[in-house]
Amino acid sequence: MALPPMLFGVLLYTAGTLSMKTLDHVTVREGETVTIPCLYDSQYELKPKYWCRGSPWISCTITARTNDTGKWTITDYPAQNIFTVKLNNSASSDSGHYWCAVEIDGKLDDGKHLYLTVKQAPDVSVVSSSVSGHEGGNVSVQCFYSSGYQNKLKQWCRIKDQRCYTVGRTNTSQNSSVQISDDVRRRSFTVLMTGLRLSDSGWFFCSVGELQVPVQLFVQRDNKYKITTESDKSSDADPSSSIRENHQTRNDTEASSSEHRNGIFLLLWTAVPLLLLLMLVLVIWRIIQKRNLPTQGQDVCSETEGPVTYDTVVFMKGKDNEQNQVSNSRPPDQDEVIYSAVKHH
């Protein structure tokens with residue numbers, strides 16, 4: 001679009017710096033992959049994003065657009081108001097001026113400038129460009145620098161609010177702190193973040209002098225950590241992050257309830273038939289027992305062997321002890337007779 005001459009010079013090198021944020025000078029080792037974050041204002045959520053190379057801004061060349069894949073990959077995260085630009089298999093020829101840009105219909109596009117340096121031995125580097133920790137826990141990041149940057153200012157900064165921490169300890173809240181220790185002999189400084197909060201998730205960078213290396217921090221929810229501080233409720237908390245966390249918690253709760261109901265249903269489905277079978281066995285056993293019981297006052301043998309009769313057997317004790325007889329007559333003397341009964345069926 002045509003621009004008034006007075007505005008043309010101003011827009012040669014700057015554009016929309018208040019509504020977009022990124023790093024100033026990124027350095028990366030040749031052959032490695034680097035991801036550069038571009039933060040934008042909420043009014044740009046639905047706008048197309050692109051990556052532009054060259055200086056000045058008004059004449060830069062578009063290198064990649066949203067969802068493009070290849071050497072350059074752009075991924076947009078509207079809920080977080082951020083898009084990332086990923087450079088795969090970096091080469092020294094990739095060094096140069098770039099712009100995080102947003103396309104705006106009918107107006108001048110908005111963008112934020114940065115410079116990228118790709119070297120075989122970068123002056124500033126990190127062990128890992130992505131770190132993670134648990135809520136309430138700790139995380140550390142190690143940043144290296146060359147001998148030429150030994151006396152440069154070392155910082156650990158957050159891109160979102162441009163807040164930076166220098167060597168020493170800084171308390172960020174009642175239970176959180178950032179501690180930076182510089183080891184000149186090893187030419188590295190270590191960042192230790194303690195008492196992590198969910199709102200700490202986001203993009204940071206190691207800074208030595210004018211050089212910067214981006215680092216993404218992920219803080220995972222820990223259900224055992226239930227300490228709430230006033231800083232957790234402050235305005236610097238990411239609303240979109242809280243919404244996503246609450247949505248995930250509801251999904252986990254619903255899934256747990258569904259699994260619990262399924263477990264109870266399976267238990268009942270298995271236990272009820274077994275109980276019914278046991279009751280049936282008990283009923284059958286009681287019927288069989290009842291049929292086998294004798295009637296009151298009846299001898300057990302009377303059902304199969306007929307009526308029972310008894311004979312009186314008298315053993316007469318004589319001198320020779322030889323005589324046994326069955327008698328219904330008057331018995332002999334009591335001291336000479338032994339009575340017994342014999343049962344016949």
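When I say buried here, I mean under 20% relative accessible area. Keep that in mind, since it comes up a few times. And one caveat up front: this is a predicted model.

Okay, let's start with the aromatics. Tryptophan 51 and tryptophan 72 are both buried by that cut-off. Their ring centres are 5.6 Å apart and the planes sit at 40°, so we call that pair tilted. In sequence the two are 21 residues apart, with tryptophan 51 in strand β4, residues 49-53, and tryptophan 72 in strand β6.

Now, which way does tryptophan 51 pair with tyrosine 98, stacked or tilted? Stacked, because the planes are at 15°, and the centres are 5.1 Å apart. Here too the pair links distant parts of the chain: tyrosine 98 belongs to strand β8, residues 96-102, and is 47 residues from tryptophan 51. Tyrosine 98 is buried, as is tryptophan 51. Put those together and you get one aromatic cluster made of Trp51, Trp72 and Tyr98. For the whole model, the count of aromatic pairs comes to 6.

Staying with rings, there are a couple of charges to look at. Lysine 49 has its charged end over the ring of tyrosine 40, 4.3 Å from the centre. Then arginine 65 lies over the face of tyrosine 50, and there the distance to the ring centre is 5.5 Å.

Right, on to the sheet. It's an open one with 4 strands, in the order β1-β3-β7-β6, and the pairing is antiparallel. The edges are β1, residues 20-21, and β6, residues 72-77; each has a single partner strand, so one side of each has no neighbour in the sheet. For β6, the antiparallel partner is β7, residues 82-87, and 6 bridges join the two. If you want one bridge to click on, take isoleucine 74, whose partner in β7 is valine 85.

Last stop, further along the chain: threonine 190, in strand β17, residues 188-194. Is threonine 190 buried or partly exposed? Partly exposed, because its relative accessibility is 26%, and the buried class stops under 20%. Valine 141 is 49 residues away along the chain, yet the C-alpha atoms of valine 141 and threonine 190 are separated by 5.7 Å. Setting aside neighbours within four places in sequence, threonine 190 is in contact with Ser140, Val141 and Gln142, and also with Gln179, Ile180 and Ser181.

That's my tour, over to you.

Methods:
Residues are numbered from 1 along each chain as its sequence is written. This is a predicted model: local features need pLDDT of at least 70, side-chain atom pairs count only at pLDDT 80 or more; totals for chains, interfaces and linings use all residues. Side-chain values use heavy atoms; hydrogens and water are left out. Two strands pair if DSSP finds at least two bridges between them. Buried means under 20% relative accessible area, exposed over 50%, partly exposed in between (1.4 Å probe, protein chains only). Contact means heavy atoms within 4.5 Å. Rings of Phe, Tyr and Trp (its six-membered ring) pair if their centres lie within 6.5 Å; planes under 30 degrees apart count as stacked, over 60 as edge-to-face and the rest as tilted. A charge sits over a ring if NZ of Lys or CZ of Arg is within 6 Å of the ring centre and within 35 degrees of the ring normal.
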